[in-house]
Amino acid sequence: GTLFPYTTLFRSGGIEMATEYTIGGSEAAALLGFHKWLTPLGLYCRKLKLVDPPIESEQMKWGTNAEHVVARRYAKETGAVLTPSVDEGFDRHKPFIHPVYPWYSGTPDRFVGEDGILEIKVVGERTAHEWTENEVPTAYLIQCQWYLELASPYLGQAQAMKAAYERGELSAADYYNGISQLEALELQRRQAISGAFFQAGQQLQ
């Protein structure tokens, strides 16, 4: 797949523009009402800068700093190839932007192989009860699903179709039909990933 860093689509604005005009992974859960600390109205107020931006807590800082430890253990246990590297994640000040939907953004912790993601959560004592061997809090499942779209191997094809359509080289009917076919392929990919996770959970029981 082809991923497009934010700066390739917007030449100015940086993280402030990305925060104001796009929806990220954790924000998707808030929009759907599943974020524990942020409501849809709260997100709306943030986008319009009606409230002060959140301050990174000490717990959040430690969680970010511990990501590479978890990533290293994951890579060792599974043999997975992580991108950009085991010890370093993506720059959160340059989120990835969907090539077809410019309001769709995200910064996964790591990419796994060619079309997978690794999202790391360092859980403290106060929230450990929300996690079990076979269950993940809904907000984080939504976040992972959001990022899986950015890891889709079909994004490059979708972007090429969009460019051809905008140049007049592809009819509207052919463009939307092509996008529908790619969406069907993406759905099959996600179902396969979900099936693999289910089988892994069954093995843990």
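This passage walks through the fold, the sheet, the cores, the aromatic pairs and a few individual residues of the protein shown above.

The structure is a predicted model. Its 205 residues include a buried share of 32%, and its secondary structure amounts to eight helices and six strands. Read from the N terminus, the elements follow the order β-α-α-α-α-α-β-β-β-β-β-α-α-α. The accessible surface is about 13300 Å², and carbon and sulfur atoms make up 57% of that area. Among contacts with a separation of 6 or more, 63% are made by residues 24 or more positions apart.

A good place to start is the sheet. It is open and is built from three strands in the order S2-S5-S6, with antiparallel pairing. Strand S2 (82-83) and strand S6 (116-118) are the edge strands, each of them pairing on one side only. Strand S5 (residues 110-112) runs antiparallel to S2, and two bridges join these strands. Within S5, Phe 111 is the bridge partner of Thr 83. Helix H5 (residues 67-78) lies across S2, S5 and S6, and runs at about 10° to S5.

The same helix holds Glu 67, a residue worth a closer look. With a relative accessibility of 11%, Glu 67 counts as buried, because the cut-off for that class is under 20%. Setting aside residues up to four places away in sequence, Glu 67 touches Arg 92, Asp 109, Arg 110 and Ile 120.

Attention now turns to the nonpolar cores. In soluble globular proteins, nonpolar side chains tend to be buried together. In this model, the largest nonpolar core has 15 residues, and those touching the most other members are Phe 96, Phe 111, Ile 117, Trp 146, Tyr 147 and Leu 150. Helix H2 (25-31) and helix H6 (138-150) are the elements that give two or more residues to this core. Helix H6 provides the largest share, with six residues. Another core, of seven residues, lies apart from it and includes Ala 71, Leu 82, Leu 118 and Ile 120. Ile 120 of this second core is also one of the residues that Glu 67 touches.

Aromatic side chains add a further layer to the picture, with a count of nine aromatic pairs. In one of them, Phe 90 and Phe 111 meet edge-to-face, at 5.2 Å centre to centre and with 70° between the planes. This pair links distant parts of the chain: Phe 90 sits in the loop between S2 and strand S3 (96-97), Phe 111 belongs to strand S5, and the two are 21 residues apart. Both Phe 90 and Phe 111 are buried. Another pair, formed by Trp 103 and Trp 146, is tilted, at 6.3 Å centre to centre and with 50° between the planes. Trp 103 lies in the loop between S3 and strand S4 (105-106) while Trp 146 lies in helix H6, so this pair ties together parts that are 43 residues apart in sequence. The two tryptophans can also be described by their accessibility. Trp 103 has a relative accessible area of 41% and is therefore partly exposed, whereas Trp 146, at 15% relative accessibility, counts as buried. Phe 90 and Phe 111 also belong, together with Phe 96, to one aromatic cluster. Phe 96 and Phe 111 of that cluster appear as well in the list of core residues with the most contacts to other members.

Two further regions round off the description. In helix H3 (residues 40-47), the residues Leu 43, Cys 45 and Lys 47 are buried. Lys 49, which follows H3, has a positive phi, near 60°. Further along the chain, Tyr 154 is located in the loop between H6 and helix H7 (155-166). Its relative accessible area is 21%, so Tyr 154 is partly exposed; the cut-off for buried is under 20%. Leaving aside neighbours within four places in sequence, Tyr 154 is in contact with Leu 182, Leu 185, Glu 186 and Arg 189. For Tyr 154 and Leu 182, which stand 28 residues apart along the chain, the C-alpha atoms are separated by 6.5 Å.

How values were computed:
Residues numbered from 1 in each chain as written. Predicted model: local features only at pLDDT ≥ 70, side-chain atom pairs only at ≥ 80, totals over all residues. Heavy atoms only, no water. Pairing = 2+ DSSP bridges. Helix = DSSP H or I, 4+ residues; strand = E, 2+ residues; numbered from the N terminus. Contact = heavy atoms within 4.5 Å. Axes fitted to C-alpha atoms, helices over the stretch in contact; angles between N-to-C directions. Core = buried A, V, L, I, M, F, W, Y, C linked by side-chain atoms within 4.5 Å. Buried < 20%, exposed > 50% of the residue type's maximum accessible area, 1.4 Å probe, protein only. Phe/Tyr/Trp six-rings, centres within 6.5 Å; stacked < 30°, edge-to-face > 60°. Areas by Shrake-Rupley, 256 points an atom, 1.4 Å probe, with all protein chains shown as cover.
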